[in-house]
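Reader: I would like a close look at one part of this model rather than a tour of the whole. Please take the side-chain pairs along one helix, with a word on enclosed space and on how far the prediction can be trusted.

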Amino acid sequence: MAKRSNPAVRIAQETAHNAVFDAEGKPKPGVHNMLLRAVEIQRPLVVAYVRRLQRKHPAASAARLAEILERDYLRAVTGGGALVGATAVVPGVGTVASLGLSAAATVGFLEATALYATSLAELHGIRLTNPEKASTMVMAIMLGEEGTALLGTLSGQAMGKGASATQAWGNALSKSMPTGFGAIRTKIQKAFLKNLLKRQGTALFGRALPFGIGAVVGGAGNLMMGRAVVANAKEAFGPMPDTIPGELKATAAAAETNPAANNTLEGKNLGS
């Protein structure tokens with residue numbers, strides 16, 4: 001006997017798709033800008049976050065701090081997806097409203113990814129003072145091998161060949177504005193948007209499903225994507241340094257002598 005389809009699931013999927021894509025299957029105006037803004041992050045926020053971790057864990061090495069970053073990142077993106085999916089069972093929250101929250105969850109996933117990737121870069125001694133470079137790096141990390149290979153061409157070599165992966169990232173991102181950066185950023189950006197809409201499109205529909213199904217699909221989908229980001233970042237950056245680099249080293253020393261220092265970061269609950 002053929003399995004009967006659930007009309008509510010079909011309606012939820014169609015509603016979600018129609019909100020993001022036009023009749024030709026192309027993203028509607030504003031969708032690209034929303035996604036690109038989500039991966040933009042300012043370095044002061046990143047440094048403040050890493051310093052907060054150092055104050056909470058004064059004896060932690062760079063490798064241990066990276067483990068904490070990973071733990072908190074996966075908790076954040078998984079919890080966000082499940083929380084939004086669960087709204088589909090709340091009386092008064094219909095499919096259209098749930099879809100709006102799903103779009104917010106997508107932005108939240110990207111913002112958490114940007115914070116994680118750029119914080120990991122800081123622990124590797126890569127200072128991303130230029131927001132365009134920071135967002136380009138985040139997009140490259142999410143793309144994986146394709147993105148890191150593109151960014152690696154800025155330093156005149158492919159990732160993982162010649163110098164270490166971290167040196168290649170540093171060479172590509174530490175210059176004031178490397179030759180060809182604009183063209184490489186454009187390529188990474190196009191590939192990122194295409195890839196993201198393909199991946200998050202499925203997760204977006206999943207989180208809009210009614211009757212509690214969305215809580216399972218949303219959380220599981222975000223965990224899978226989050227783990228992929230972590231794996232991509234580890235491969236791109238390579239092994240953690242033995243010591244905490246640059247200006248973060250001074251913060252680590254201060255945390256050891258004054259562990260009771262203020263460890264709050266307004267508006268953020270990561271790093272607990």
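Author: A cavity, as the word is used here, is a set of grid points where a 1.4 Å probe fits but cannot get out. The model is a predicted one, and by this rule it has three cavities of 30 Å³ or more. The second largest of them holds about 50 Å³ of space. Its lining is made up of Ile41, Gln42, Arg43, Val46, Thr118, Ala121, Glu122, Ile126, Leu128 and Ala134. Two elements, H3 and H5, each give two or more residues to that lining. H5 supplies the largest share, which is three residues.

Helix H5 leads on to the part to be examined closely, helix H4. H5 spans residues 95–123 and carries Tyr116. The whole structure has one aromatic pair. Its members are Tyr73 and Tyr116, whose ring centres lie 4.7 Å apart with the planes at 10 degrees; planes under 30 degrees apart count as stacked, so this pair is stacked. Tyr73 sits in helix H4 and Tyr116 in helix H5, 43 residues away, and the pair thus links distant parts of the chain. Both tyrosines are buried.

Charged pairs come next. Four salt bridges turn up in a search of the whole structure, and three of them can be taken one by one.

One joins Glu67 to Arg64, with 3.0 Å between the closest N and O atoms. Both residues belong to helix H4, which runs over residues 62–86, and because they are three residues apart in it, about one helical turn separates them. Neither end is buried: Glu67 is partly exposed at 46% relative accessibility, and Arg64 is partly exposed at 37%.

Another salt bridge leaves the helix. Glu70 pairs with Lys234, the closest N and O atoms being 3.1 Å apart. Glu70 lies in helix H4, while Lys234 lies in helix H10 (residues 213–237), so this pair ties together parts that are 164 residues apart in sequence. Lys234 has 47% relative accessibility and counts as partly exposed.

The salt bridge between Asp72 and Arg71 has its closest N and O atoms 2.9 Å apart. Here the two ends fall into separate classes. The relative accessibility of Asp72 is 4%, and because buried means under 20%, Asp72 counts as buried. Arg71, at 28%, counts as partly exposed.

How far to trust the prediction is the remaining point. The mean pLDDT of the protein chain is 74, and 60% of its residues reach 70 or more. Confidence is highest in helix H3 (residues 43–56), at a mean of 92, and lowest in helix H11 (residues 246–257), at 59. Residues 157–162 have pLDDT below 50, and the model gives this stretch twelve contacts beyond near neighbours in sequence. Residues 259–272 also stay under 50, and for them the model has 28 contacts beyond four places in sequence.

To put helix H4 together: Arg64 and Glu67 pair within the helix, Glu70 reaches Lys234 in helix H10, and Tyr73 stacks on Tyr116, a residue of helix H5.

Definitions and conventions
Residues are numbered from 1 along each chain as its sequence is written. This is a predicted model: local features need pLDDT of at least 70, side-chain atom pairs count only at pLDDT 80 or more; totals for chains, interfaces and linings use all residues. Side-chain values use heavy atoms; hydrogens and water are left out. A salt bridge is a side-chain nitrogen of Lys or Arg within 4 Å of a carboxyl oxygen of Asp or Glu. Helices (H or I, at least four residues) and strands (E, at least two) are DSSP runs, numbered from the N terminus. Buried means under 20% relative accessible area, exposed over 50%, partly exposed in between (1.4 Å probe, protein chains only). Rings of Phe, Tyr and Trp (its six-membered ring) pair if their centres lie within 6.5 Å; planes under 30 degrees apart count as stacked, over 60 as edge-to-face and the rest as tilted. pLDDT is the predictor's confidence in each residue, from 0 to 100. Contact means heavy atoms within 4.5 Å. On a 1 Å grid over the protein atoms alone, a cavity is a set of points where a 1.4 Å probe fits but cannot get out, and a pocket is an open set with protein on both sides within 12 Å along at least five of seven lines; lining residues have an atom within 4 Å of a point. Grid points are joined across faces, edges and corners, and a volume is the space filled by probe spheres set on the points.
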